[in-house]
Amino acid sequence: MSEQDDNNAPAPDRDTANAATGSGLAAEKERRLALLDELRAAGTNPYPYRFDRTHTLAEVRDRWGHLEPGVETDDAVAVAGRIMLKRDSGKLVFATIRDRSGEVQLFISKAVVGDDAFDAIKSLDLGDWVGVAGTAMTTRKGELSVKAERIDLLAKAIRPMPDKWHGLHDVDTRFRQRYADLIINDEARHHFEVRHEMTASFRRTLAGHGFIEVETPVLHPEVGGATARPFTTHHNTLDMPLYLRVAVELYLKRLIVGGMERVYEIARTFRNEGVSPRHNPEFTMMELYQAFADWTDMMAITEELITTAARDALGTTVVHVRGEPVDLADPWPRRRLIDLASEGCGVELHPSMPIADVRRVAADHDVHVEERWGAGKIIEELFEATAEASIVRPMFVTGHPVEISPLARVDRDDPFLTERFELFVEARELANGYTELNDPVEQRARFEDEVAAKEAGDDEAGSLDEDYIRALEYGMPPTGGLGIGMDRLAMLLAGVDTIKEVILFPTLRPEVF
RNA sequence: GCCUCUCUAGCUCAAUGGUAGAGCAGUGGACUUUUAAUCCAUUGGUUCAGGGUUCGAGACCCUGGGGAGGCACCA
């Protein structure tokens, strides 16, 4: 259900018609607009330019929250917030205001503020922003309050807030009108606090390891770094097609070639694929590259980044996965993808097997196979069909076949596999890392395989990035690389099961007004 | 893209095919220590849109729209 209030009143005569009947949203807005006129007529600006506060509400609570019941102090404070609740008992009004840090009650006495100001305060609406000068006190029941001496309207709300008790449940409205969601739903605010703490934690951890944060192009002339369908766009004056990035890998590794040694980017990334509880068309990936390191270093820093982020965001490394507590500080098992697939199928699988044998296993498990797929790709499909869903607790799935890992270095002990891993939690891929392929000749050959796959009809296959090859020809040191899906990690930490809960403005169809 | 579910007042929700209701918000009134304040009174509806079936549709059918879950694709 989309918003109806405004399209209920497309014409001005409709507004006045509703206003005449005395209710409805249009009438409510009329009523509040009329209050604005009254305020202006009385010489009050309902939208003043600034307000100087002395304390946030959390600071008020920290400093005076311990007062015994019924204590009045002479400690002056100036606070600001949005009116969330109002309790009017005649010559005394209680209001609850909230700022970013918390909530505090206002104690407003007619005898203190005077008759005229009291009337003005009574006409304040839920949702209005106010600045309050007063003193700290507690009521007889012990509720910390600011005893108001003066209240200034800082911004008038013309539109009523959602239900003060039930909040805003309609998911469509919550995501479209995120402002309303954030005003009324504590959990919504909490999810984004967790996300912020997670990101800030990542930056601290990476700085501690000597990583440099960089920004690379969003507009790419070539698609590369991941197998995904891109968004396409066009630059007018250059008259050239451009792609929104599906990964930042190839640019960051150019920086490793350039000698930057340790770089990372927290990168908004775009993939022109389905929308689901786990997928948004634009999402955030943290990618890092570290010279002289390999995949084992990448697994170690993955564990450190994520457990530290949990501790920083939640105060604990214990998260809940499907209702079960999982301590991220416990070691994460490492299992080869081909072993998991073999167990899932009950048949020993390896990409060196004859393709016909692998296809037979796929047929036995009703796994669809494309003609152009090699054994490695089919084994990955078998892993996804038979094993992936059962990985609930954190696990590194390692050793992906070369065929599906065009940028990863071949395993030093097995020419059919790569030194690659993916972190899975709750059957979702959270991270992907490997020892980087730095041999320009081999990289060119791998790209040519990609191009062949694209020509064979795989529209997710990459193209040959000549400039990237040229960079490798200058020499890239041995390097480990890692990508972490920040939205999915935020989901894990916030304990939510849809990505829309951790993206402030998820992609939705345009609203019909 | 396909399947299923869903859409009623600003918000949260009711209404065996038979007069569209409640709580909150709003309005008027009472109340100087409330806590979702309480009490009395009260305004407010193109039931997502458009067709159809029916004596009668918020409900049943069809088409369209939004959203949610699932499948597919992917992270």
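Domain bounds come from an automatic or database domain assignment. The exercises below concern a predicted model.

**Exercise 1. The domains of chain A**

Task: State into which domains chain A is divided, and how many Å separate the centres of domain 2 and domain 3.

Solution:
- Step 1. Chain A comprises domain 1 (57-155), domain 2 (186-332 + 393-501) and domain 3 (333-390).
- Step 2. Taken over C-alpha atoms, the centres of domain 2 and domain 3 are 24 Å apart.

**Exercise 2. The interface of domain 2 and domain 3**

Task: Describe the interface by its residues, its buried area and its polar pairs.

Solution:
- Step 1. Begin with the contacts: domain 2 contributes 23 residues, which touch 20 residues of domain 3.
- Step 2. Turn to the area. The size of an interface is often given as the accessible area lost when the parts come together. Here domain 2 and domain 3 bury about 1800 Å² between them, and 61% of this lies on carbon and sulfur atoms.
- Step 3. Identify the leading contributors: E403, I404 and F416 account for 24% of the area that domain 2 buries against domain 3, more than any other three residues.
- Step 4. Consider the polar pairs: 8 residue pairs are in polar contact across the interface of domain 2 and domain 3.
- Step 5. Locate the elements involved. On the side of domain 2 that touches domain 3, α11, β15 and β17 (414-418) each supply at least two residues. The most comes from β15, with 4 residues.

**Exercise 3. Salt bridges**

Task: Determine how many salt bridges the whole structure holds and how many lie between domain 2 and domain 3, and examine two pairs.

Solution:
- Step 1. Recall the principle: side chains of opposite charge can pair when their charged atoms come close.
- Step 2. Searching the whole structure gives 43 salt bridges. Between domain 2 and domain 3 the count is 1.
- Step 3. Take R334 and E303, whose side chains form a salt bridge at 3.8 Å, N to O. The cut-off is 4 Å, and the pair is therefore accepted.
- Step 4. Take E282 and R268, another salt bridge, in which the closest N and O atoms are 2.7 Å apart. E282 belongs to strand β11 and R268 to strand β10, so this pair ties together parts that are 14 residues apart in sequence.

**Exercise 4. Two open sheets**

Task: Give the strand order of the sheet of 8 strands and of the sheet of 3 strands, and find the edge strands of each.

Solution:
- Step 1. The sheet of 8 strands is open, with the order β6-β10-β11-β20-β19-β18-β15-β14 and mixed pairing.
- Step 2. β6 (212-213) and β14 (334-336) are at the edges; each has a single partner strand, so one side of each is left without a neighbour in the sheet.
- Step 3. β6 and β10 (residues 262-270) run parallel and are joined by 2 bridges, with E213 opposite Y264 in β10.
- Step 4. Helix α11 (residues 295-314) packs on this sheet, touching strands that include β11 (282-291) and β20 (479-485), and its direction makes about 35° with that of β20.
- Step 5. The sheet of 3 strands is also open; its order is β7-β9-β8 and its pairing is antiparallel. Its edge strands, β7 (219-220) and β8 (232-235), each pair on one side only.
- Step 6. β8 pairs with β9 (residues 240-244) over 4 bridges, in the antiparallel sense. T232 stands opposite Y243 in β9.

Note on methods. Residues numbered from 1 in each chain as written. Chains lettered and ligands numbered in written order. Predicted model: local features only at pLDDT ≥ 70, side-chain atom pairs only at ≥ 80, totals over all residues. Heavy atoms only, no water. Pairing = 2+ DSSP bridges. Contact = heavy atoms within 4.5 Å. Axes fitted to C-alpha atoms, helices over the stretch in contact; angles between N-to-C directions. Buried area = accessible area lost by both parts, 1.4 Å probe. Polar contact = N/O pair within 3.5 Å; in protein donor to acceptor, adjacent residues only side chain to side chain.
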